[in-house]
Protein chains: 2
Amino acid sequence: MCKRFHLKRKTTILDIARELKTAPSTVSRALNGNRRISEETRKEVARVAKRLGYMRNHFASSLRSGKSNVIGVVVPFTDSSFFSSIIRGVEDIVNREGYNVMICQSHDIYEREVKCVEALLEAGVAAIAISVSSEVGNYKHIEKASELGMPLILFDRVVEELDTYSVMIDDYRGAYEAVTHLVSMGYRKVALFIGNREINIFRERYRGYKEAMAHHNLSWNEDYILEVDSSVEAGEAAAKKLLELSDPPDAILSSSDFSALGAMQFLQNRVNIPEEIGIIGFSNEPFTGYVSPSLSTVDQQSQKMGEVVGRSFIELQGENLKQSYPVKTLLRPELIIRESTRRI
Amino acid sequence: MCKRFHLKRKTTILDIARELKTAPSTVSRALNGNRRISEETRKEVARVAKRLGYMRNHFASSLRSGKSNVIGVVVPFTDSSFFSSIIRGVEDIVNREGYNVMICQSHDIYEREVKCVEALLEAGVAAIAISVSSEVGNYKHIEKASELGMPLILFDRVVEELDTYSVMIDDYRGAYEAVTHLVSMGYRKVALFIGNREINIFRERYRGYKEAMAHHNLSWNEDYILEVDSSVEAGEAAAKKLLELSDPPDAILSSSDFSALGAMQFLQNRVNIPEEIGIIGFSNEPFTGYVSPSLSTVDQQSQKMGEVVGRSFIELQGENLKQSYPVKTLLRPELIIRESTRRI
DNA sequence: TTTTCAAGTGGAAACGTTTGCACAAACATA
DNA sequence: TATGTTTGTGCAAACGTTTCCACTTGAAAA
């Protein structure tokens, strides 16, 4: 008699074995598609399993086999268009291979990121995909996970020193192409809104900007390079600063759509966009297509990035402990040209 | 000798017990805060556990105890501002109680929703929170989960027939207050963009609209009620239809910010907003504050909704099988008044 | 003194799988 | 005939916890 009578006693492989007068090991093998089981028994087992409403107990399975069907994902936030699209991409891919996704938010705080990684390690996930927080910290937690044998996939905000799978966007190229586009539209004096250059993505965009400018034989003013964080207010303030220069720029490349929007809102009543000044952002946030003038931007392929993370994971599972070289994927950004830079 | 020598052998409670010359049962109790363990042993155990880098094996723990520390969440998509904010809310709450969140996307497809629920059941989550897909289907999968003893929390798109915990927004009130606001601004002929009224949220908004109109002694034209789905294009088309009426409305209440935007874009060059026509949307999508004129809307408290889902879950765990009445939470929407309806 | 009780601990059996090993039967090879 | 090989199955031991039960103590109650 089942003591916890209020809960349905789940059917186990023992029940199936008993029904078929066979051994649980046979049932297990049949259900797992082991090829040493005859087609006949396999079908029988499947039939009885279905009839009894059998569901595999993943706890027992994972405990015994040491394998899990869950992949952990650590992001700064889930409610940001960029990261939520990535999550969608990962989920779309791994689901169809029978894996589930566990989410953990770091809130862009180092300490919480460490907690997330620990929680996922404890939860026994099959791998951890992580975009590191922008707060400065060390990477002990990631190294520790790696040493424990946990497969890792870093995406977007990557720590290049670590020898893991990684998926990034080619930020260098994104910035380079954005500048090239501006130049092709006749802009010459391009300003840059950039984030903390200790972080790989901003470092690369800065490099792309510089090299593109040099390539087009354009010099730039140090006053044109502004450290601006990703907010509408910061963009407004930065645009104000630019307008006050004795020789103001005729275009802005912003590392964030939000600060680009801020700049646009500040400039709107003062100069003509795109005739007198062009603005291009970064990320292709959903709103960029709806504001007016619509905002040109560099699309970061977030859903695609998620899909690549998912595929990297699948690949990595297949490899099964075989020590092989970690794959680094570099995604190609896409320039989205809209009204804010289209002067014909 | 450990056979899988390439993987660190994890330390278990047995290792701790051996070290302290005590029994694994004691260690287990000490780690779980059982009060029949002396303070002294508890501390000893904690010390050794830390020194050996012990991590609880959740598979073994869950297998034995039948309890899980994972909560499953089913949403149509993760990359929509509304649902990703909900996820954030849930995560924020349950994390600090030591729970993790597993995500599954139904893509708003009935069949996939069923798959999601099955996957989460198999994964042995402690509870399932779900916003049902808008595709018509039956609720067998939800009833089945319920019968198996799985605690359920429905949110936003709720199936009212089911006797479960639920968290919804007061859509009736949202629509009612939106209409009242329009009337207070002097608008009289209010049109309504609405989704499929078989779904609770739209049914309620429709009701709110009707009652508010009646309350203000305003009659409305059947031509003013348009079934419009949540897209910019549908909004444009609907606005066009309205303008072609012999007696066009002077305000639009849209069930979606996207169709409100579409309408706004279509109307912008033809009539003055908000002087000649007022527009108000639903959801408070991030872009609504950035477009011009900025779009008034009804905020749906998505993050709050997630937090309430999380808290309901915690509460529900505490109850521990005690049969009690499921709590239904109704959140209060917030009217966000912006330029698109502010005529002074 | 004996009995009762509480506090703290240990022993051992679960939980439901997977898997190494053994084995039987049937069949092919020498 | 003897020897190997293949195919399918069963036995039993894990995996790392939790938890029921029993057992020591030492102290309080009778």
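In this predicted model, A:E160 and A:R203 form a salt bridge in which the closest N and O atoms are 2.9 Å apart. Because A:E160 sits in the loop between β4 and β5 of chain A while A:R203 belongs to helix α9 (residues 200–215) of chain A, the pair ties together parts that are 43 residues apart in sequence. Salt bridges also occur across the interface of chain A and chain B, where the rule finds two, and a search of the whole structure finds 30 over all chains.

**Salt bridges within the chains**

- Neither end of the A:E160 and A:R203 pair is classed as buried: A:E160 is partly exposed, with a relative accessible area of 40%, and A:R203 counts as partly exposed at 33% relative accessibility.
- In chain B, the side chains of B:E160 and B:R203 likewise meet in a salt bridge, at 3.0 Å from N to O, and this pair links distant parts of the chain, with B:E160 in the loop between β4 (152–155) and β5 (165–169) of chain B and B:R203 in helix α9 (residues 200–215) of chain B, 43 residues apart.
- B:E160 is partly exposed, with a relative accessible area of 41%, and B:R203 is partly exposed as well, at 34% relative accessibility.
- Another salt bridge of chain A joins the side chains of A:D108 and A:R157, at 3.2 Å from N to O; since A:D108 lies in the loop between β2 and α6 of chain A and A:R157 in the loop between β4 (152–155) and β5 (165–169) of chain A, the pair ties together parts that are 49 residues apart in sequence.
- Is the pair of A:D108 and A:R157 buried or exposed? Both A:D108 and A:R157 are buried, that is, each has under 20% relative accessible area.

**The interface of chain A and chain B**

- The contact between the chains involves 52 residues of chain A and 52 residues of chain B, and the area buried between chain A and chain B is about 4500 Å², of which carbon and sulfur atoms give 59%.
- A:F59, A:E122 and A:Y290 together supply 17% of the area that chain A buries against chain B, which is more than any other three residues.
- Between chain A and chain B, 18 residue pairs are in polar contact, counting pairs with both residues at pLDDT 80 or more.
- On the side of chain A that touches chain B, the elements giving two or more residues are α4 (58–65), α5 (81–95), β2 (100–105), α6 (110–123) and α11 (257–267) of chain A, and the largest share, seven residues, comes from α5(A).
- By residue character, the side of chain A that touches chain B divides into 23 nonpolar, 18 polar and eleven charged residues.
- β2(A) pairs with strand β2 (residues 100–105) of chain B in the antiparallel sense, over three bridges, and A:M102 stands opposite B:M102 in β2(B).

**Charged residues at the interface**

- B:R88 forms a salt bridge with A:D79, with the closest N and O atoms 3.2 Å apart.
- B:D92 lies in helix α5 (residues 81–95) of chain B, and with a relative accessible area of 10% this residue is buried.
- Which residues are in contact with B:D92, leaving aside its neighbours within four places in sequence? They are A:Q105, A:H107 and B:Q303.

**A buried phenylalanine in chain A**

- A:F193 is placed in strand β6 (residues 190–194) of chain A, and its relative accessible area of 1% makes this residue buried.
- Leaving aside its neighbours within four places in sequence, A:F193 is in contact with residues including A:L226, A:V228, A:A239, A:L242, A:I252 and A:A263.
- One of these contact partners, A:A239, is 46 residues apart from A:F193 along the chain, with the two C-alpha atoms separated by 9.5 Å.

**Helix α1 of chain B**

- The buried residues of helix α1 (residues 13–20) of chain B are B:D15, B:I16 and B:A17, and the buried residues of α1(B) pack against α2 (24–31) and α3 (39–52) of chain B.
- At the start of α1(B), a side-chain oxygen of B:T12 comes to within 3.0 Å of the backbone nitrogen of B:L14, whereas just after α1(B) the residue B:K21 takes a positive phi of about 55°.

How values were computed: Residues are numbered from 1 along each chain as its sequence is written. Chains are lettered from A and ligands numbered from 1 in the order in which they are written. This is a predicted model: local features need pLDDT of at least 70, side-chain atom pairs count only at pLDDT 80 or more; totals for chains, interfaces and linings use all residues. Side-chain values use heavy atoms; hydrogens and water are left out. Contact means heavy atoms within 4.5 Å. Buried area is the accessible area (1.4 Å probe) that two parts lose on being put together, summed over both. A salt bridge is a side-chain nitrogen of Lys or Arg within 4 Å of a carboxyl oxygen of Asp or Glu. A polar contact is a pair of N or O atoms within 3.5 Å; within protein, one must be able to donate a hydrogen and the other to accept it, and residues adjacent in sequence count only if both atoms are side-chain atoms. Helices (H or I, at least four residues) and strands (E, at least two) are DSSP runs, numbered from the N terminus. Ala, Val, Leu, Ile, Met, Phe, Trp, Tyr, Cys and Pro count as nonpolar, Asp, Glu, Lys and Arg as charged, and the others, Gly among them, as polar. Two strands pair if DSSP finds at least two bridges between them. Buried means under 20% relative accessible area, exposed over 50%, partly exposed in between (1.4 Å probe, protein chains only).
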